Amino acid sequence: SHTFIFTGVDKEWLELMILTAKNPSIMQVCLRSDLLPLLEKMLAGLQKCQKALLQHMDSQRLQCPWFSFLPLEDILELICCGYDVQQLGLSLKKVIPFMSGLLMDSFTQQKDGARSYKVTGLVSHHGEELEFKQDVVWDGAVETLVGDVMEQVSHTLQDQLTRLVEAQNIQTPGENQVSWLVGLPPIWTSPEATQVVILCTQLVLDHALSHSTPSHWSTMARDLDACILTAQQMLRGRGRSNHPPPQINMPSHSRYDLAEAQSDQQLVPIPSEHNDLDEGEGLPSKPHVEPEDFIQPYMIARLQTVIQVLVQYRNKVQNFLSHSGAGEVARGTEPDPSRPFAWMCTPHFEWSPPATSSSPSLCSLACLDARVLYAYRYTGTAPRIMLTPPSERCLLFLMHTINHGSSPFITGMETSDVLNEFALLTGQSLFTLVCTGQVIHTTVTEYLRGMVATNSWVHFQGVHTLDPSVLQTLCSQLLHVHRARASRAVSVKLASYTLTLTPDAPTVCLA
């Protein structure tokens with residue numbers, strides 16, 4: 001019925017505009033006796049249509065909680081995509097911000113012969129393809145497609161990380177084992193997603209640090225320097241995707257001897273922009289590389305992040321050395337017993353193999369007694385930032401608050417870079433609402449509902465600018481969620497919505 005109402009209003013409006021265009025006198029047009037009743041009738045019809053449309057949008061949000069983070073215009077755009085694959089991919093970027101499109105395929109239904117579509121993966125901004133573990137069949141309903149895609153992304157990333165970590169055999173300790181750092185370069189050229197490659201690299205480095213002693217740190221710093229140089233060479237094209245990855249031939253040495261084993265690789269210093277030397281000036285000239293030999297853009301972004309991670313870990317080891325009494329270690333005296341605690345105070349990754357064959361492996365970001373489970377949300381090839389000591393202290397505060405709070409509401413977090421990095425480190429979805437005086441109660445409620453229903457994080461940027469009544473609504477609803485989690489309730493009611501609570505997934509609200 002609302003379709004007929006809108007069609008009638010549209011027809012009447014077009015007829016009115018045609019008559020107006022034919023009469024050059026604006027006074028005669030406006031003084032028509034039937035004009036005001038006609039406009040009031042059209043306005044009443046449009047208000048009925050708007051109310052029906054809002055109710056339909058609310059029903060779509062109930063079916064897909066991810067729509068809670070989108071304005072009504074974006075939801076309407078998503079629903080109206082139909083089978084327009086390109087437009088659907090562009091619209092979904094507002095829900096999955098690190099993707100640029102979908103990998104889709106069509107097939108014919110055996111019963112009625114109609115053609116349907118299936119989503120086989122995602123594409124990042126740099127062109128990296130994430131092939132799903134299982135295809136997602138799409139019947140045209142966007143509200144079900146988004147949830148299925150997010151679930152399949154999580155399963156695929158978890159499966160890739162499990163296979164990649166198990167291949168490194170980091171759970172086998174032993175002083176006679178070949179250094180775990182030897183296996184890093186093959187990881188970087190593996191076909192897994194970039195976020196899985198980076199996470200596996202961090203797991204290997206943290207596991208190596210956790211099994212090292214101060215006497216190994218100086219050798220480990222040299223190993224990391226060699227890894228950085230290897231990654232830089234791969235970035236220059238020696239490890240490009242259309243060539244086999246560089247292999248490091250290593251005998252069965254003791255641990256942390258990568259630098260010595262790579263000494264025969266004849267690593268070439270990387271020329272800088274001020275270092276264009278000729279053949280006779282000590283360094284080889286920059287080799288000529290054909291265009292087809294360049295590595296893919298996503299591999300460039302991956303290796304840049306790898307180098308950044310390696311530099312960060314090398315600086316961490318060097319910092320341990322500068323505060324660990326390296327002189328005493330060199331003289332053979334007992335090392336400072338407080339150093340393991342210094343490593344535990346820094347954010348690091350831990351890997352827990354599955355307890356049973358049916359249970360999943362667990363990856364978590366840890367610091368002291370705080371643990372935040374990795375959420376396996378898609379982050380693509382997103383750029384990362386270097387963690388400085390103040391940033392690490394901020395992460396430590398966030399981790400302990402999240403770990404020990406039922407539903408924490410953390411204020412004073414106006415630095416979005418640290419929050420974005422924290423979300424990337426934990427594989428979490430972070431949605432930001434820029435608060436102004438025009439933000440209404442409904443918008444705040446929808447964001448909180450999406451936060452609880454999808455176990456995502458929400459950042460209310462500039463929360464102090466909210467209207468006092470809206471801020472009161474935000475605080476009262478957060479307190480309601482906190483009490484429900486503290487009492488271990490299975491559900492919570494926000495406004496007119498009843499939402500199920502996930503026990504192991506904290507709801508985090510930042511402001």
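These are my notebook entries on the pockets, helix packing and strands of this structure, which is a predicted model.

**Entry 1: the largest pocket**

I started with open space. The largest pocket came out at a volume of about 1,200 Å³. I then asked which residues sit closest to its centre. Out of 37 lining residues, they are Leu-373, Thr-502, Asp-504, Ala-505 and Pro-506.

Next I looked up which elements give two or more residues to this lining. I noted two strands, β5 (362-367) and β6 (370-373), along with the helices α6 (142-168), α14 (389-404) and α17 (468-486). The largest share belongs to α6, with six residues. Sorting the pocket lining by class gave me 19 nonpolar, 12 polar and six charged residues.

**Entry 2: closed cavities**

A friendly reminder to myself before this one: rolling a probe the size of a water molecule over the atoms shows where empty space is left. How many cavities of 30 Å³ or more are there? I counted three.

The largest cavity holds about 150 Å³ of space. I found 16 residues lining that cavity, and those nearest its centre are Gln-202, Gln-312, Leu-387, Glu-421 and Leu-425. Both α11 (297-322) and α15 (416-425) supply at least two residues of the cavity lining. The biggest contributor is α11, which gives six. By class, I have eight nonpolar, four polar and four charged residues around this cavity.

**Entry 3: α1 against α3**

Two packed helices are described by the angle between their axes and the distance between the axes, and I looked up both values here. The axes of α1 (residues 2-22) and α3 (residues 35-63) come within 9 Å, crossing at roughly 145°. Is the crossing left-handed or right-handed? I have it down as left-handed.

Then I listed the contact. On the α1 side I found His-2, Ile-5, Phe-6, Val-9, Glu-12, Trp-13 and Leu-16. Their counterparts in α3 are Leu-35, Leu-38, Leu-39, Lys-41, Met-42, Gly-45, Leu-46, Lys-48, Cys-49 and Ala-52. I split the residues of this contact into 12 nonpolar, two polar and three charged.

**Entry 4: the three-stranded sheet**

I moved on to strands. β4, β5 and β6 form an open sheet in the order β4-β5-β6, with antiparallel pairing. Why is one side of β4 (348-352) and of β6 left without a neighbour in the sheet? Both stand at the edges and have a single partner strand each, so one side stays unpaired. From one strand to the next, I read an average twist of 35°.

Looking at β5 and β6 in detail, I found four bridges joining the antiparallel pair. One detail I wrote down is that Cys-367 has Ala-370 in β6 as its bridge partner. Helix α8 (residues 194-210) packs on this sheet and touches β4 and β5. The direction of α8 makes about 95° with that of β4.

I also made a cross-reference to my first entry: β5 and β6 are among the elements that give two or more residues to the lining of the largest pocket.

**Entry 5: the β2-β3 hairpin**

My last stop was another antiparallel pair. Six bridges join β2 (residues 115-124) to β3 (residues 129-138). Which residue in β3 is the bridge partner of Leu-122? I found Leu-130 there. The hairpin has four residues between the strands, and Gly-127 takes a positive phi near 90°.

Definitions and conventions: Residues are numbered from 1 along each chain as its sequence is written. This is a predicted model: local features need pLDDT of at least 70, side-chain atom pairs count only at pLDDT 80 or more; totals for chains, interfaces and linings use all residues. Side-chain values use heavy atoms; hydrogens and water are left out. On a 1 Å grid over the protein atoms alone, a cavity is a set of points where a 1.4 Å probe fits but cannot get out, and a pocket is an open set with protein on both sides within 12 Å along at least five of seven lines; lining residues have an atom within 4 Å of a point. Grid points are joined across faces, edges and corners, and a volume is the space filled by probe spheres set on the points. Ala, Val, Leu, Ile, Met, Phe, Trp, Tyr, Cys and Pro count as nonpolar, Asp, Glu, Lys and Arg as charged, and the others, Gly among them, as polar. Axes are lines fitted to C-alpha atoms, for helices over the stretch in contact, and angles run from 0 to 180 degrees between N-to-C directions. A crossing is left-handed if the near helix is turned anticlockwise from the far one by less than a right angle, and right-handed if clockwise. Contact means heavy atoms within 4.5 Å. Two strands pair if DSSP finds at least two bridges between them.
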